[in-house]
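Dear colleague,

Please find below the structure that I am handing over to you. My notes on it follow, with each term explained where it first appears.

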Amino acid sequence: MIHIKKYHTNNQYMHPRTIEEITILPGKNRSGNIENFSSITIRPGDTISIVGPTGSGKSALVNDIEIFAHGDTVTGRTILVNGEQAPEDFVRDPAKKPVALITQNTKCLADMAVEDFLEMHVRSRKMTDERIVEKTIALANEFTGEKIRPGVRMTSLSGGQTRSLMVADAIIISNAPIILLDEVENAGIFKEKVIECLRTHQKALIFVTHDPVVSLLSAKRIVMKNGAVECILEPGDEEKEALAEIIRMDQTFCRMRELIRAGEIIRSVNPV
Ligand SMILES: Nc1ncnc2c1ncn2[C@@H]1O[C@H](COP(=O)(O)OP(=O)(O)OP(=O)(O)O)[C@@H](O)[C@H]1O
Ligand SMILES: [Mg+2]
């Protein structure tokens, strides 16, 4: 079960609401036809990827989830929480929002030091763990090659550093049970580390992705076309061998990338 955690003054968690499942109900495709599925259920710990060509409606689907659409978006979809319409404060109150959406365009316009920015977020959530800012920066630094220093300005972080920090913030400070990543893994952060970390924190993970490793690591794959869900794949063991092979190839790629970044000359590619 995913709990929406909220701090008591005595620093104990209480659980005002529990998210057991999120349900996506069909909307319409770009031609106005009803989508071809009855419902999609997402539970804590699920890893789902959303794939499909450019412009097929992947971001629109994660945006529907992020705002708990109820027929009020371009797609006409409805997102239920535990079988019911989401409570108003899930949508309105950023401190109670159980969803964190991180995109490639996630930018931070606050011209303040990283530690001050996180400190402000911690205070707004009335948290009292003194080391929480330090822990958040340390986690972000597991996801990114170039380390983030606490005193650096938010505006001078690189794209990859910003996204790493936002993922760490979503996990530790926002403590959001549902994390949506819109094509983040291609953008200079260590994807396996992020996936592993989100899984250990029992988050529901929804990726918009073109990455073969991330797609095959997800138990479910939602395939989009023309603004609608075209089909939902659950390949299970069918893809087991392909996944092992792709992970091997990916490790070779990652190693090459790191060597290139480090300024090395690549004379041969030794597969892992
Ligand atoms: N069901 C729909 N009905 C009408 N318009 C839609 C629907 N789904 C998506 N759109 C619109 O189509 C456009 C492209 O959709 P979207 O940005 O979600 O595509 P995408 O798959 O994320 O593309 P990319 O891979 O380039 O990021 C957007 O303007 C979106 O609002
Ligand atoms: Mg998109």
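**Strands and sheet**

Strand 3 (residues 22-25) and strand 4 run antiparallel and are joined by three bridges. Strands are DSSP runs of E with at least two residues, and helices are runs of H or I with at least four, both numbered from the N terminus; two strands pair if DSSP finds at least two bridges between them. Within this pair, Ile 22 stands opposite Ile 42 of strand 4.

Please note that this is a predicted model, in which local features need pLDDT of at least 70 and side-chain atom pairs count only at pLDDT 80 or more, while totals for chains, interfaces and linings use all residues. Residues are numbered from 1 along each chain as its sequence is written, and chains are lettered from A and ligands numbered from 1 in the order in which they are written.

The open sheet has four strands in the order 4-3-6-7, with antiparallel pairing. Strand 4 (40-42) and strand 7 (84-85) each have a single partner strand, so one side of each is left without a neighbour in the sheet.

**Helix 6**

Which residues of helix 6 (residues 191-200) are buried? They are Lys 191, Val 194 and Leu 198, where buried means that 20 or more other C-beta atoms, placed from the backbone, lie within 10 Å of the residue's own (exposed: 12 or fewer; partly exposed: in between). Seen down the helix axis, the buried residues of helix 6 fall within an arc of 60° (taken from the directions from the axis to the C-beta atoms), so they line one face of the helix. Gln 202, which follows helix 6, has a positive phi, near 55°.

Yours sincerely
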